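Here is a short report on one protein model. Please keep the sequence and the 3D view open while reading.

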Amino acid sequence: MNYFVTAIGTDSGKTLVSSILVEALKADYWKPVQAGKPLDTETVKELVSNEITRFHPETHIFKLPASPHAAAKFEHLAIQLDDFVLPETTNDIVIEGAGGVLVPINQEHYVIDIARELSSPVILVVNLYLGCINHTLLTVDYLKRNKIPVLGIVFNGDPDFESESIIEEKSGYKVLLRLPKLSLINKEIIKYWADELMLNWYE
């Protein structure tokens, strides 16, 4: 099984959530497009403690921390959707997207099209801030209208009952994890939240 981690925007906590998923499922990790540093693959490597996970090389790495289509153009390159081929493995793969659902990878395609191309259901990271309801429900509307399968939501940030409850109700998606704002992130913290995730995974 492959899982595509995307979000309602950039800096939503996708790499943190991907680390938790990788540790929980002992899955492999793959970041198809990396724009700018630090490399998310290196971050996940530092946070995962199981010995089963393999880290697959990025398809594209760009220097400019920008939308993939702009980062590629800066280097006089172009991203094609068929560039993305699942790494060979017998293990599950956690695939981390870049930015939010509708971040462009070229003039025609968005990040979410990678998930569709790879037939990978989505895990949606929702970071909690003023305005997240609107951004989340717009994202949910796009996913539903385009019949993109979603396994569930991970809330990330200081708890906000009103925001979380209306998003849960209107989306109809399962909440996989409620992740508070973490002041410390290390292997032990990731392992703790991986165990918490697994409590909800098979419900």
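The report below covers helix packing, the nonpolar cores, selected buried residues and the unusual backbone angles.

This is a predicted model.

**Helix α1 and its partner**

Start with helix α1, which runs over residues 14-25. Is α1 enclosed or open? Of its 12 residues, 12 are buried, so the helix is largely enclosed by the rest of the structure. The buried set includes charged residues as well as aliphatic ones: K14 and E23 are listed alongside L16, V17, I20, L21, V22 and L25. T15, S18, S19 and A24 complete the buried list for α1.

The length of α1 checks out. At 1.5 Å a residue, its 12 residues should span 16 Å. Its end C-alpha atoms lie 16 Å apart, which agrees.

Which way does α1 run relative to α7 (residues 187-201)? The two axes come within 8 Å and cross at roughly 70 degrees. Angles from 65 to 115 degrees count as roughly perpendicular, and α1 and α7 are therefore roughly perpendicular to each other. On the α1 side, the contact is made by L16, S19, I20, L21, E23, A24 and L25. On the α7 side, it is made by I190, K191, W193, A194, L197, M198 and W201. By class, this contact has 11 nonpolar, one polar and two charged residues.

**Two nonpolar cores**

The largest nonpolar core has 36 residues. I112, I114, V122 and L143 have the most contacts inside it. Helices and strands both feed this core. Helices α3 (68-74), α4 (111-117) and α5 (132-145) each supply at least two residues. Strands β6 (93-96), β7 (122-127) and β8 (150-156) each do so too.

Take I114 as an example. Setting aside residues up to four places away in sequence, I114 touches F4, V33, L81, F84 and I105.

A second, separate core has 27 residues. Among them are A7, L25, I123 and W201. L25 and W201 also take part in the contact between α1 and α7.

**Buried residues in β5 and after α2**

Strand β5 covers residues 60-62. H60 and F62 are both in β5. F62 is buried, with a relative accessible area of 3%. H60 has 16% relative accessibility and also counts as buried; the cut-off is under 20%.

What does F62 contact beyond its neighbours within four places in sequence? The list is V33, Q34, A35, G36, P68, A71, A72, E75, L77 and I79. With the same neighbours left aside, H60 is in contact with P32, V33, Q34, I79, D83 and F84. H60 and I79 are 19 residues apart along the chain, and their C-alpha atoms are separated by 8.2 Å. F62 and A98 are 36 residues apart in sequence and 12 Å apart in space, C-alpha to C-alpha.

V48 is in the loop between α2 and β4 (55-56). Is V48 buried or exposed? At 6% relative accessibility, V48 counts as buried. Not counting residues up to four places away, V48 touches S19, V22, E23, T53, F55 and K187. S19, V22 and E23 are among the buried residues of α1. V48 and G157 are 109 residues apart in sequence and 21 Å apart in space, C-alpha to C-alpha.

**Unusual backbone angles**

Most residues other than glycine have a negative phi, and most peptide bonds are trans. The sites below are worth locating in the viewer.

| Site | Backbone angle |
|---|---|
| D11 | phi near 55 degrees |
| K26 | phi about 50 degrees |
| S119 | phi about 50 degrees |
| K37 and P38 | omega about 5 degrees |

Where do these sites fall? D11 is in the loop between β1 (2-7) and α1. D11 is exposed, with a relative accessible area of 70%. K26 comes just after α1. S119 is in the loop between α4 and β7. At 64% relative accessibility, S119 counts as exposed.

The peptide bond that joins K37 and P38 is cis. P38 is in the loop between β3 (33-35) and α2 (40-47).

Definitions and conventions
Residues numbered from 1 in each chain as written. Predicted model: local features only at pLDDT ≥ 70, side-chain atom pairs only at ≥ 80, totals over all residues. Heavy atoms only, no water. Axes fitted to C-alpha atoms, helices over the stretch in contact; angles between N-to-C directions. Helix = DSSP H or I, 4+ residues; strand = E, 2+ residues; numbered from the N terminus. Parallel < 35°, antiparallel > 145°, perpendicular 65-115°, else oblique. Contact = heavy atoms within 4.5 Å. Core = buried A, V, L, I, M, F, W, Y, C linked by side-chain atoms within 4.5 Å. Buried < 20%, exposed > 50% of the residue type's maximum accessible area, 1.4 Å probe, protein only. Expected span 1.5 Å × (residues − 1).
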